[in-house]
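Student: I would like a close look at a single part of this structure, namely the place where the two chains meet. Please take me through that part slowly, and then set it against the rest of the model.

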Amino acid sequence: MSTETPTVEFSDDRLLWAVGAVLVLLGLAIIFSGLEFGLSGIILIVIEVGIFFLLYALLVLPVNVQFGVSGLVNFGPVLWFGIGAYATAMLASTGSYQGVTFGFPWPIAVLAGVVLAILVGLLLGVTTLQLRGDFLAVVTLAAAEILYGIVEKVGGFGGATGIGGVPRIFEAASFPMTDLAVTFVLAGVVVFVYALAQRITDSPYGRLLKAIRSDEDATEALGKPTFRYKVLVFIYGAVIMGLAGSLLALYNGAVSPGFITLDVTVLVWIGMLIGGAGSNRGSVYGLAIIMGLQLFTRIANEAFPVSQSQFAALRLMIIGLLLVLIIRYRPSGIWGNPEEREVL
Amino acid sequence: MGVIQSVIFGLQLGSYIAIAAVGFTLIYGVVNFINFAYGEYMTIGAFMTFITVNQWGLPAIVGLLITLVVTAVLGWIVSRIVFVPMQGTGAIPMLMASIGLGMFLRNFYQLIAGGEVRFVDIGASQFEFDFLGGFFVSTQHILIISSAFIIFALIHVLLTRTQAGIAMRATSHNELLARASGIRTKQVRRNVWIVASALAGVSGFLIGTTTFVSPLTGFNQILLVLAAAILGGAGSAYGAFFGSYILAFVITFTTAYLPTEVSGLGETLAFAVLIVVLLVRPSGLADVEVEA
């Protein structure tokens with residue numbers, strides 16, 4: 001009998017890295033060239049919603065690797081997003097109306113934000129990854145609520161106003177140009193993170209994560225240190241989500257509790273479930289559907305100036321209904337693989 | 001503020017959380033999932049306060065009884081449409097579906113009722129006392145706290161003295177065994193949905209009389225209800241009852257006694273208590289068996 005050496009086939013991701021690099025360079029070119037041209041109102045709305053789509057894409061990819069691939073119900077992506085945002089903002093801000101600030105150079109602030117996110121990921125991971133799936137959801141959810149409570153209520157975090165005066169490192173010639181540049185840079189970062197997530201999912205490590213999702217006890221019986229692997233997934237996620245928060249602070253120049261509400265977690269989760277948990281591409285597409293609906297209502301609202309809150313309510317009703325229908329009739333999501341659906 | 005006053009506020013908050021937490025935990029035990037849409041069941045009760053007391057001018061106690069029936073029926077209908085056909089798909093898909101349902105209902109209320117906040121005056125009278133540091137009790141406090149205790153007595157009787165309640169406990173403890181013993185678990189689940197929806201309605205009604213009525217009334221409490229139920233030991237009605245009062249006292253005493261910089265952290269601290277309990281004792285206060 002001939003022995004076959006198992007080979008690992010990576011999807012060729014060099015193209016992705018190249019696309020990502022081009023996008024980031026384009027963004028930087030806009031910033032440093034001082035280029036300026038007019039943009040119409042609708043394009044500006046598209047860009048504004050697009051920026052948040054890209055920031056949330058940096059949350060949905062790690063959540064998908066954690067839940068879709070490994071089966072860990074992390075219900076607090078906004079916790080790490082918030083840690084990155086607040087740590088970066090407070091350390092880098094050169095003077096905020098409210099709250100304690102330090103005025104360090106921004107790269108140090110970003111680094112500190114990511115390190116803090118890792119530490120929290122490690123702490124939560126080591127202590128709670130032994131809990132049952134839905135309890136893990138409760139702990140991560142509660143932890144995110146605790147962060148929200150602290151930044152809103154404890155003095156020094158700026159209260160409801162938040163932290164301002166963060167250096168806006170993406171400042172271009174004018175306000176619309178800044179947004180355009182940030183869109184390119186963020187799109188590049190999302191492509192990088194997508195390539196990374198794809199690589200993790202396809203690697204031997206990724207297959208092990210899927211094995212943990214399918215049957216953790218069996219995987220452990222094969223001699224795999226499942227607990228360590230689960231903690232590692234939590235830490236990888238923490239890095240990316242913390243970084244997403246840092247980028248929010250540095251783009252926006254300010255952070256406030258309004259950016260880190262439970263709604264962000266819900267949006268990210270719904271996007272992933274609609275697109276297809278377990279598929280990196282699917283979860284990003286799903287998020288795009290949700291943000292696309294948001295964009296559509298924003299533009300439609302511009303055209304028919306009826307009550308904005310009624311419009312928003314209608315949109316959220318549609319999203320809620322869509323989620324229920326997807327879970328019921330296509331639990332693997334629109335782009336998910338129905339054969340890989342132990343979790344859902 | 002005297003200690004007694006804080007205790008009264010704690011009892012008040014604990015009471016309406018506990019009523020909801022008992023319903024929440026029954027669903028968790030018998031239907032087996034974390035129902036994030038439960039807050040929206042409570043909101044129906046809150047709107048019923050506004051309709052029965054403010055618009056129809058009924059006394060609060062009559063309104064409460066009407067609310068109980070209406071929410072039991074509405075809650076059962078909603079569950080019948082969304083959750084009953086999903087039975088057996090697992091805890092996580094049902095949890096996700098409940099998030100979608102909650103979002104749908106919350107915004108549906110918003111669409112038909114508007115976002116504004118409505119206040120309900122049940123015409124409570126207030127009794128002031130000068131001893132023990134001075135405190136006051138209103139008929140509202142009495143209504144809420146006594147409703148809670150009457151409901152627990154009823155739930156206790158239901159769970160220990162009636163066939164339907166014993167079947168609920170059996171199903172909660174081990175569904176397969178219950179079915180093997182001839183218990184119709186499908187009917188048990190239906191009963192649980194009816195009871196839990198009614199409890200949500202009562203809790204929402206009481207919240208409506210104390211704070212305000214808005215499409216988010218229930219949603220604002222859901223995390224606390226969830227925390228209380230899990231703290232008590234998911235699935236245990238008695239645990240949920242004690243868990244609620246513990247959280248309520250944590251919240252009222254932090255607000256009353258800690259320095260102002262951190263006194264707003266009551267709820268935050270309640271979540272911290274939840275996390276610590278889950279880590280130290282995942283089975284909760286009532287020591288419920290937890291499958292790993």
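Tutor: What follows goes from the contact between the chains to the core, then to each chain and a few single residues.

Please keep in mind throughout that this is a predicted model, which scores ipTM 0.88 and pTM 0.88. The mean pLDDT of chain A is 88, with 94% of its residues reaching 70 or more, and for chain B the mean pLDDT is 88, with 96% of its residues reaching 70 or more. Where pLDDT is low, the predicted coordinates should not be read in detail.

The contact itself is built from 37 residues of chain A and 40 residues of chain B. On the side of chain B that touches chain A, helix 4 (91–113), helix 9 (219–232) and helix 11 (266–280) of chain B each supply at least two residues, and the largest share, 15 residues, comes from helix 4 of chain B. By residue type, this side of chain B divides into 30 nonpolar, 7 polar and 3 charged residues.

Of these helices, helix 11 of chain B deserves the closest look. Its 15 residues should span 21 Å at 1.5 Å a residue, and its end C-alpha atoms are indeed 21 Å apart, so the expected and modelled lengths agree. The buried residues of helix 11 of chain B are Gly266(B), Glu267(B), Thr268(B), Ala270(B), Phe271(B), Leu274(B), Ile275(B), Val277(B) and Leu278(B). These buried residues pack against helix 9 and helix 10 (237–257) of chain B, and also against helix 5 (133–153) of chain A.

A single residue, Ala227(B), shows this arrangement in detail. If its neighbours within four places in sequence are left aside, Ala227(B) is in contact with Leu247(B), Ala270(B), Phe271(B) and Leu274(B), and across the chains with Ala142(A). Ala270(B), Phe271(B) and Leu274(B) are among the buried residues of helix 11 of chain B.

Ala227(B) also leads into the interior of the model. The largest nonpolar core has 206 residues, and those with the most contacts inside it are Leu58(A), Leu323(A), Ile17(B), Val225(B), Ala227(B) and Ala228(B). Helix 6 (residues 175–202) of chain A gives the most to this core, with 16 residues. In soluble globular proteins, nonpolar side chains tend to be buried together.

Helix 6 of chain A also holds Leu196(A), which is partly exposed, with 19 other C-beta atoms within 10 Å; because a residue is buried only from 20 such atoms upwards, Leu196(A) does not count as buried. Its C-alpha atom is separated by 22 Å from that of Ser214(A), 18 residues away along the chain.

Turning to the chains as wholes, chain A comes to 12 helices and 0 strands, and its C-alpha atoms fill a box of roughly 70 × 45 × 40 Å along the principal axes. For its 344 residues a compact globule would have a radius of gyration near 20 Å, and chain A has 21 Å, which agrees. Of these residues, 49% count as buried, and among the contacts in chain A with a separation of 6 or more, 79% join residues 24 or more positions apart. Among the elements of chain A, helix 3 (residues 77–92) has the highest mean pLDDT (96) and helix 12 (residues 308–329) the lowest (87).

Chain B comes to 11 helices and 2 strands, and along the sequence it follows the pattern α-α-α-α-β-β-α-α-α-α-α-α-α. Its C-alpha trace spans about 60 × 45 × 35 Å along the principal axes, and its radius of gyration of 19 Å agrees with the value near 19 Å for a compact globule of 292 residues. Buried residues make up 51% of chain B. Helix 8 (residues 185–210) of chain B, with 26 residues, reaches 37 Å from its first C-alpha to its last, close to the 38 Å expected; 20 of its 26 residues are buried, so helix 8 of chain B is largely enclosed by the rest of the structure.

One last residue in chain B is worth checking by eye. Asn32(B) is found in the loop between helix 1 (3–30) and helix 2 (38–55) of chain B, and has a positive phi of about 75 degrees although it is not a glycine. Most residues other than glycine have a negative phi. With 19 C-beta neighbours inside 10 Å, Asn32(B) counts as partly exposed.

Definitions and conventions:
Residues numbered from 1 in each chain as written. Chains lettered and ligands numbered in written order. Predicted model: local features only at pLDDT ≥ 70, side-chain atom pairs only at ≥ 80, totals over all residues. Contact = placed C-beta atoms within 7 Å. Helix = DSSP H or I, 4+ residues; strand = E, 2+ residues; numbered from the N terminus. Nonpolar A, V, L, I, M, F, W, Y, C, P; charged D, E, K, R; others polar. Core = buried A, V, L, I, M, F, W, Y, C linked by C-beta atoms within 7 Å. Buried ≥ 20, exposed ≤ 12 C-beta atoms within 10 Å, placed from the backbone. Rg over C-alpha atoms; globule rule 2.2 N^0.38 Å. pLDDT = per-residue confidence, 0-100. Expected span 1.5 Å × (residues − 1).
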